[in-house]
Amino acid sequence: MATPEQLFRLDGKTLLICGASSGLGRAIALDAARLGAQLIVVARREALLDSLLAELEGQGHRRLCLDLASEEGRALLVAEARNLDGMVYAAGSLGKLVPFHLLREDLLEEQYRANALLPLLVTRALLAAKAVRNGASLVYLVSAGARISPPASAAYSGSKAFLAAALRSVALDVVKKQIRINSVMYGYVLTEAMQQLAVSDEVKAMAPLGLPEPEAVTGAPLFLLSDSGRWMTRSSMTIDAGLTLRQKVGI
Ligand SMILES: NC(=O)c1ccc[n+]([C@@H]2O[C@H](COP(=O)([O-])OP(=O)(O)OC[C@H]3O[C@@H](n4cnc5c(N)ncnc54)[C@H](OP(=O)(O)O)[C@@H]3O)[C@@H](O)[C@H]2O)c1
């Protein structure tokens, strides 16, 4: 039986963190390395990946600077990422808040592609290349927006709801390999990307527990990656500071 100190350790696990150059992905990568995992960190901004690599505890981490939106990027990923015990898919786009009557087709498509299509394409490519070990844990960052659908977020909220629903189906397809698929449904987290959105104080105030920094909310994905999380699949953990407790938004 694991001692309390061992409960969430990640020693011996090779983990892929997609979207590790900033925000939640970066914070999760730093803590996963502290817990003993060996990481492959992925994003487009090379300098940020290099500075992350310099900060990661432990040895043997690698970085892949690539664009997951391109076929070449995904081909490079599957060529380099092997024997994965887990993945955190934190690459995504918060987009812009746009009132529905101003929502253009290109923004709708961009959000759908970044937040719904790409995580599925990346997952499919990794599975097809047998880059994911039996028993692995795959964790996706979705959003409380998928549930509360705040104003001016039809593209973003819709894209995350699509992903959450699709993942529940994927979980059934891979369970025979003991591969687990779970998501973490975050509320507002004070990343730079989130702070660039003009979210109204009224909407932010809907989270009665306040707004956390990314470093404060890494626990759920780390739990899901650890052996302690091995009895969970097809689930979503809600880490939203109470945002979804209240359903009336901005009206
Ligand atoms: N912050 C929040 O309040 C919040 C709430 C709920 C859910 N989430 C979700 O959590 C995830 C992370 O959000 P965040 O706030 O941490 O934003 P962020 O700092 O912008 O993180 C996004 C990460 O994804 C990477 N990325 C984006 N597109 C990519 C691509 N095509 N190829 C490779 N890497 C790509 C970015 O790196 P490069 O630009 O270097 O490629 C960056 O590392 C998103 O899925 C977001 O929807 C965030």
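Here is a short, friendly note on the sheet, the helices and the ligand site of this predicted model.

1. **The sheet.** A good place to start is the open sheet, where seven strands follow the order β3-β2-β1-β4-β5-β6-β7 and pair in parallel. Its edges are β3 (62-65) and β7 (235-239), each of which pairs on one side only. On average, and ignoring direction, neighbouring strands of this sheet are turned by 15° against each other. If strand pairing is new to you, remember that strands of a sheet pair through backbone hydrogen bonds, either parallel or antiparallel.

2. **One pair of strands.** Now zoom in on β4 (residues 84-89) and β5, which run parallel and are joined by five bridges. Which residue of β5 is the bridge partner of Val88? The partner is Val139.

3. **A helix on the sheet.** Next, find helix α2 (residues 46-55), which lies across β2 and β3. Relative to β2, α2 runs at about 160°.

4. **Helices α4 and α6.** Two packed helices are described by the angle between their axes and the distance between the axes. For α4 (residues 105-128) and α6 (residues 154-174), the angle is about 20° and the axes are 8 Å apart. Angles under 35 degrees count as roughly parallel, so α4 is roughly parallel to α6. The crossing of α4 past α6 is right-handed. On the α4 side, the contact includes Leu107, Leu108, Tyr112 and Leu120; on the α6 side, Tyr156, Phe162, Leu163 and Val170 are among the residues taking part. By class, the contact of α4 with α6 has 14 nonpolar residues, four polar and one charged.

5. **Helices α3 and α4.** Helix α4 has another partner to look at: the axes of α3 (residues 71-80) and α4 come within 10 Å and cross at roughly 40°. That angle makes α3 oblique to α4. Is this crossing left-handed or right-handed? The crossing of α3 and α4 is right-handed. Here Arg74, Leu77 and Val78 of α3 meet Leu121, Val122, Ala125 and Leu126 of α4. The residues of this contact of α3 with α4 comprise six nonpolar, no polar and one charged.

6. **Around the ligand.** Finally, turn to the ligand, which has 28 residues around it. Which of them come nearest? They are Gly19, Gly23, Arg44, Arg45 and Gly92. Both helices and strands contribute to this shell: α1 (23-34), β2 (38-43), β5 (132-143) and α7 (192-196) each supply at least two of its residues. Sorted by class, the shell around the ligand holds 16 nonpolar, eight polar and four charged residues. As you look at the structure, notice that β2 and β5, two strands of the seven-stranded sheet, are among the elements that supply this shell.

How values were computed: Residues are numbered from 1 along each chain as its sequence is written. This is a predicted model: local features need pLDDT of at least 70, side-chain atom pairs count only at pLDDT 80 or more; totals for chains, interfaces and linings use all residues. Axes are lines fitted to C-alpha atoms, for helices over the stretch in contact, and angles run from 0 to 180 degrees between N-to-C directions. Helices (H or I, at least four residues) and strands (E, at least two) are DSSP runs, numbered from the N terminus. Angles under 35 degrees count as roughly parallel, over 145 as roughly antiparallel, 65 to 115 as roughly perpendicular and the rest as oblique. A crossing is left-handed if the near helix is turned anticlockwise from the far one by less than a right angle, and right-handed if clockwise. Two residues are in contact if their C-beta atoms, placed from the backbone, lie within 7 Å. Ala, Val, Leu, Ile, Met, Phe, Trp, Tyr, Cys and Pro count as nonpolar, Asp, Glu, Lys and Arg as charged, and the others, Gly among them, as polar. A residue is near a molecule or strand if its C-beta atom, placed from the backbone, lies within 6 Å of it. Two strands pair if DSSP finds at least two bridges between them.
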